Amino acid sequence: MKENQKTYWKGIEQLTNEPSFVKNAEKEFPEYLPINENGEGNSNRRDFLKLMGFGIAAASLAACEAPVRKAIPYLNKPVDVDPSVPNYYASTYVNGGDAVSIVVKTREGRPIKIEGNKFSSMTLGGTNAQVEASVLSLYDKERLTGPMKSGASTDWATLDKEVTAKLNAIAEQGGQIAIVSNTVVSPTTKKAVGEFIAKYPTAQHITYDAVSAYGIAEANRLSFGEAMVPSYDFSKAKTIVSVAADFLGTWISPIEFTKQYSKTRKINAKHREMSRHYQFESNLSLTGANADYRTGIRPSQAGSVVTAIYNGIAAKAGQSKVSGGNAADVAHLSAAINELWANRGASLLVAGSNDPAIQVLVNGINAMLENYGTTINANAPVHFRQGNDQAMSTMVKDLNAGKVKAVIFFNCNPLYDSAEAQALAAGLAKATLKVSTSDRMDETSKAVDYIAPDHHYLEQWNDAELRSGHYSLTQPTIAPLFDTRQAPESFLQWAGITVEYYQYLQENWKSNFFTKQSDTSNFQMFWDKSLFDGVFETGGNTNTYTYDYAAAASAGTLIAQNYKTSGEGLELALYQKLSIGTGAQANNPWLQETSDAVTKATWDNYLTVSQAQAAEWGIQMIEGNTETVTLTVGNSSVVVPVLVQPGQAAGTVGLALGYGRTSAGRVGNEVGVNAYPFITKLNGANVYDVFAGVSVAKTGQAYRIAQTQTHQTYMNRSNVIQESVLSEYKKDTKAGREYPQIYKDGEFVKPSKISLWKGHDYNNHHWGLAIDMNSCTGCSACTVACQAENNIPVVGKEEVLNRREMAWIRIDRYYSSDAPVDDQKALEKASENPEVTFQPMMCQHCNNAPCETVCPVAATTHSSEGLNQMTYNRCIGTRYCANNCPYKVRRFNWFKYHDNTQFDKNLSMNNDLGKMVLNPDVTVRARGVMEKCTMCVQRIQSGKLAAKREDRRPVDGEINTACASACPADAIVFGDMNDPNSRITAMLQLQEEKDEKGRIEKVVNEDRAYHVLEEINVNPNVWYFTKIRNKEKQTTEA
Amino acid sequence: MQVTSSVRKPLITGGKTVHDVTEDICRQVEGKPSKSWLLAFGAAATAFVIGFVAVAYTLWEGIGMWGLNKTVGWAWDITNFVWWVGIGHAGTLISAVLLLFRQKWRMAINRAAEAMTIFAVICAAMFPVLHMGRPWLGAYWALPLPNTFGSLWVNFNSPLLWDVFAISTYFSVSLVFWYLGLVPDFATIRDRATGIRKTIYGALSLGWDGAARTWGRYESVSLILAGLATPLVLSVHTIVSFDFATSVIPGWHTTIFPPYFVAGAIFSGFAMVLTLMLVTRKVFKLEDYITIEHIELMNIVIIVTGSIVGIAYITEFFISWYSGVPAEQYAFFNRMQGPYWWAYWSMMTCNVISPQLFWSKKIRTNIAATFIISIVVNIGMWFERFVIIVTSLHRDYLPSSWAMFYPTLTDMGIYLFTFGLFFTAFLLFAKFFPVINMAEVKSIVKSSSEKKAA
């Protein structure tokens, strides 16, 4: 290129080469800069002040620099992802053997909330605490971020190469390969495992369950010739008898059972019938708390109780009795037998025991009662518990004998949660290849060579067969967060089959399930519909099962041998809490902080001890202050705090499984004690009761259990709990109601007739909640749902001890007391076997709200739709509103719970990954402000908006609060009281009447509906329905 | 010219002359601080600094540093607030009400009582600010200031807002009244001082010239301010009691609260004045001005207000039974027999029983007994507020929410902070300001002074 020869001058000065120009030419600023007003070099005072002023301003501005927050717009917007518009995907929650059809709400590609899938004929849109909380586990920072080899990161290629090589070597030498897993509900995963076994013929798939139902399957094999767990239908049962089965809480399929059960507990003036529920159990379970008649028995009495029921029914049915069954002293037993028989075909007996012998008799009883085909369906067995306790023991023996050379732990943690944990740990040293697919460094994956971490269920494609003929699809709602791989894909990979699991799944559906339907001949259409619905159902089996009475006779003999109740000594009953369950989700702080439905304790397990027993030991529990004891059974012993539990059967103690994790993560580690070592064996099955050899020694150490409620009884306050019994309700639908009257001007009037208030006009909507205390089981699904929906912080054990938990909706649990009604001191003590009442309590959205008047800055106000609103931005935190709230539902941000290392257990607000679960529609509250239930105002607004866009009114049910939508018992109904077609209007039988001032007033004609604390006339928008127990007489003992 | 009956006991003993008054009182201001003063000041300042750590913790970490919880949203904070406001009652009562009633015995004690009022109200005002979750906003959002947020305005229905007005009005009127009374005395000190002290006291005395017209104006303004302040004596604690009385909480929702709170406030205020004056007269050797007669008269006020408080307690208790409201009945049952029974019975003993001892002339003219009972009364009055606030809140309507309140070190630290603040301020006042109103006392030297023994 030709060089440019032209010269340009900056100005005439350069051309003329003026001295002044030459002098300044080389300087950065040749021009005069007004910094040095004096000219060269010498700064004067003014300059100094100027520079200092600038310096200070600059330094302080630099110090105030806002943190960089990246908000990157989509360059190419993904189809269907619109900022601030949520998407919903049908999927399936899977955790061990538990599987629930769900709908996942995603925002900007992040799953943030789990809802139940209403299309599922099993759970009908219900969820539970564990399902609701599982979305937080997705964003757990302690999940493994990629494959591991001997504790160090590796890549998938290396892992696959080495694992395959070792597997081949072992297979060639004829060494056994064991795949150990919990129940696998996915048929396609099972197929993949099958391909693995085909490749390595020495491989075996061993299934165990932390809490096993092997006894039921085995019993069905003995009584009907087929090992399966049948499905139950409580909704058809008029008499329900449960022998220690916590079917509303943790047994087999609790959400489904709660749905069914609650249908039998709904009553109104036209339908004055409900099921009667007898419970015989040791620990006061959630199910027992809901029973009409509950009898405390020792675990060892389960044998005689079941035998007695068998013999009682056999006598009526003309079958021969079995030996044993002396249970004459068990209260309510003969009534239960008579009612079972009277309602045969519409009754149901279930037992929680995992002893096949007991379950054989249970089957016999139900067979004699002709319940098969009505309340029990053996043709649609459920697949939640397929574990085989005997196969697991055999495998562990083989491992210790050196026969098993390779162990693959497929999404399970048997070194923690199996009955064989110790033997398994010892035997592992003899295996040459140990692989785990666990998502974290848990107790088991710490002991293996290779970890091939699986996706979280929200990241994967899969399917589930919940019961025969009932399928549910899992679809990913987010791209895998880490370098994980779906476990069945790993199995296929190791089997030498390279295929994308999605393809594999589709192929399997095409060849196996597509053919089972005739709605469409186009596979894509079938697939799309199944994916949209989330569920696909074909009919169940059509076998005929005949009960083998010979099995009953031998079972009777076994029971008579094994269950000997001496009436002396302690017996231990292990149980699961409905929040923590088996402990698989122990690192989920939402679950740890969910207060137990019955004990109201968080962040702990403890020995539940009856009041009489505690008094004998000299242990008192006041405000959570208690003592620890040493619990010893055989060689296992733990130091565990005592929780005094009314209703605990005499001579028994209870301890929850799922605690004492050592390698769950920072949240779950060292919370409580591990109860798995106390599992015993009976007739080849794991049994969760210890009949003898239980000893408890006091340590004298003080301990505090963090309870969210420390006062147990309702002090006979009829303004809080209004209850009656069915026999009374049949006579009078006002049974149990209290109508407070206030004396004014010579007459008694309703409290609402005396008011300083002008009232509110609700011209558009008038939102309200109706809560049926009869169907609420206390399961706490609503509490966790609310936590997820409304970004409620976890505060940790210390702060729960300080009584500062943040839950917006809580379940108040009250025990009855048998003290005289005027003895206020004695009323504080619960009955030895109390009646239990659950009362969900949230902001009552009072129309005459006491909180609204007292706020000095008007931060809490009433909306034109009946909501009591909280303006966080305006709140200055005087807490006057909380003091003046008669329901004590307001929650204060005592500390900064987000971005605060002191609250690092509050995972959803303290790291970038955890924060992805936050609901962007709900503010994360600052320190020093008050908060409370908003009736999910964000959902109301978006529902109204959706309707407005379509130029229509919102339809009832279209807008629903998180609590109401989670409730598996449909105990919470949300709706517009101005909508004549809404469910709430129908439930309350609302009528509009003009009062004397000409104002339109809503009159509630439903006799069961009442306001808590009606006499102070705060006039809530939340109504409670009386608790009616199906009892003959009103008593204070269950 | 007023004539004082010869039956009346002299209000000044020791045959003091007008000059003696000036000398005795200016001596403290003009002399070097005494050892006992330095010691007391050191202790007060230490308490202030230690307490400030607790304040800083609260501001830095949040209200969670206190022992409050979901059920008990106020405890020591508002207890201390009401307690200090109550103490702040005596000053205005003595200077304004007694001025209107021409009670001359107030003259020796009104200056210190008013100072005490000012400092007590400052201590009290700490709590409404500190107890807020977000004081940096609340400190001005609680005021009806014009703003750019449209219709964003304070809630005139809220008793807390009434408190803001009541306390600030009371404080400003008390401050002006107190300062006005100081002006002639500052002028006296100015006239005796030299150098920088002359300049400072000169400025403080606002050009006082002692002319008859100035005195005339002074008297009228005093009277007007006394008239303005008198309703405030009743209004401040009435409004403070509305915080509770207008609520729906059993044990709070009580119409008896306004008179009961005012009586309690005067009761505790007088007790605090006694505590302080008994020490001051001893340390500053002012026994001739604050005489046994003064102490006895104040003890009589304590008997009267203590008995009113006692009747209020019993009335409240009777009404809770008579009302037939179970929640109300339980609240009182719980006060007496619940987990905080000890607080209730401490209150009853200290407030109802201990002042009755003053029916005995021997006790009410005994300095040691008066000093002890004056402290006991203030302990009792603290428990009264604690009982009302904490035992009502901790077990209200729903038994599921019943909880206990346990104070933390921070709670105690903040209480200590206000003590530090109060005594630091009071000691500075006692050193640099004339603790007795010289001008007024001089006016009664002629009529009410004990004749010098010949």
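This passage describes a predicted model, beginning with the domains of chain A and ending with the fold of chain B.

Chain A is divided into four parts by the domain assignment, namely domain 1 (12-63), domain 2 (214-382), domain 3 (566-707) and domain 4 (723-1029). Between domain 2 of chain A and domain 4 of chain A, the C-alpha centres are separated by 36 Å, and the contact between the two involves 18 residues of domain 2 and 19 residues of domain 4. On the side of domain 2 of chain A that touches domain 4 of chain A, at least two residues each are supplied by α8 (254-263), α9 (286-290) and β11 (293-296) of chain A, with α8(A) giving the largest share, 4 residues. In chemical character, the residues on this side of domain 2 of chain A comprise 7 nonpolar, 5 polar and 6 charged.

Within chain A, helix α16 (residues 487-494) is largely enclosed by the rest of the structure, because 8 of its 8 residues are buried. The buried residues of α16(A) are A:Ala487, A:Pro488, A:Glu489, A:Ser490, A:Phe491, A:Leu492, A:Gln493 and A:Trp494. Their cover includes three helices, α5 (156-172), α6 (187-199) and α17 (501-513), together with the strand β14 (404-410), all of chain A. After α16(A) comes A:Gly496, which has a positive phi, near 85 degrees.

A second buried site in chain A is found at A:Leu769, which has its place in strand β33 (residues 767-772) of chain A. This residue counts as buried because it has 25 C-beta neighbours inside 10 Å, where 20 or more are required. When neighbours within four places in sequence are left aside, the contacts of A:Leu769 are with A:Ile972, A:Val973, A:Phe974, A:Asn1021 and A:Val1022. By contrast with these contacts, A:Leu473 lies 33 Å from A:Leu769, C-alpha to C-alpha, at a distance of 296 residues in sequence.

The contact of chain A with chain B takes 45 residues from chain A and 41 residues from chain B. On the side of chain A that touches chain B, the elements giving two or more residues are α25 (850-854), α26 (880-883) and β38 (891-892) of chain A. The residues of this side of chain A divide into 21 nonpolar, 13 polar and 11 charged.

Chain B has a secondary structure of 17 helices and 0 strands. Its radius of gyration is 23 Å, which agrees with the value near 22 Å that a compact globule of 454 residues would have, and along the principal axes its C-alpha trace spans about 75 × 55 × 40 Å. Of the 454 residues in chain B, 52% are buried. Among the contacts in chain B with a separation of 6 or more, 83% join residues that are 24 or more positions apart.

One of the helices of chain B, α7 (residues 159-192), consists of 34 residues and reaches 49 Å from its first C-alpha to its last, close to the 50 Å expected at 1.5 Å a residue. Although the span of α7(B) is close to the expected value, the helix has a kink of about 35 degrees at B:Val183, shortly before the proline B:Pro184.

Notes:
Residues are numbered from 1 along each chain as its sequence is written. Chains are lettered from A and ligands numbered from 1 in the order in which they are written. This is a predicted model: local features need pLDDT of at least 70, side-chain atom pairs count only at pLDDT 80 or more; totals for chains, interfaces and linings use all residues. Domain bounds come from an automatic or database domain assignment. Two residues are in contact if their C-beta atoms, placed from the backbone, lie within 7 Å. Ala, Val, Leu, Ile, Met, Phe, Trp, Tyr, Cys and Pro count as nonpolar, Asp, Glu, Lys and Arg as charged, and the others, Gly among them, as polar. The radius of gyration is taken over C-alpha atoms; the globule rule is 2.2 Å times the number of residues to the power 0.38. A residue is buried if 20 or more other C-beta atoms lie within 10 Å of its own, exposed if 12 or fewer, and partly exposed in between; C-beta atoms are placed from the backbone. The expected span of a helix is 1.5 Å times one less than its number of residues. The bend at a residue is the angle between axes fitted to the seven residues ending there and the seven starting there.
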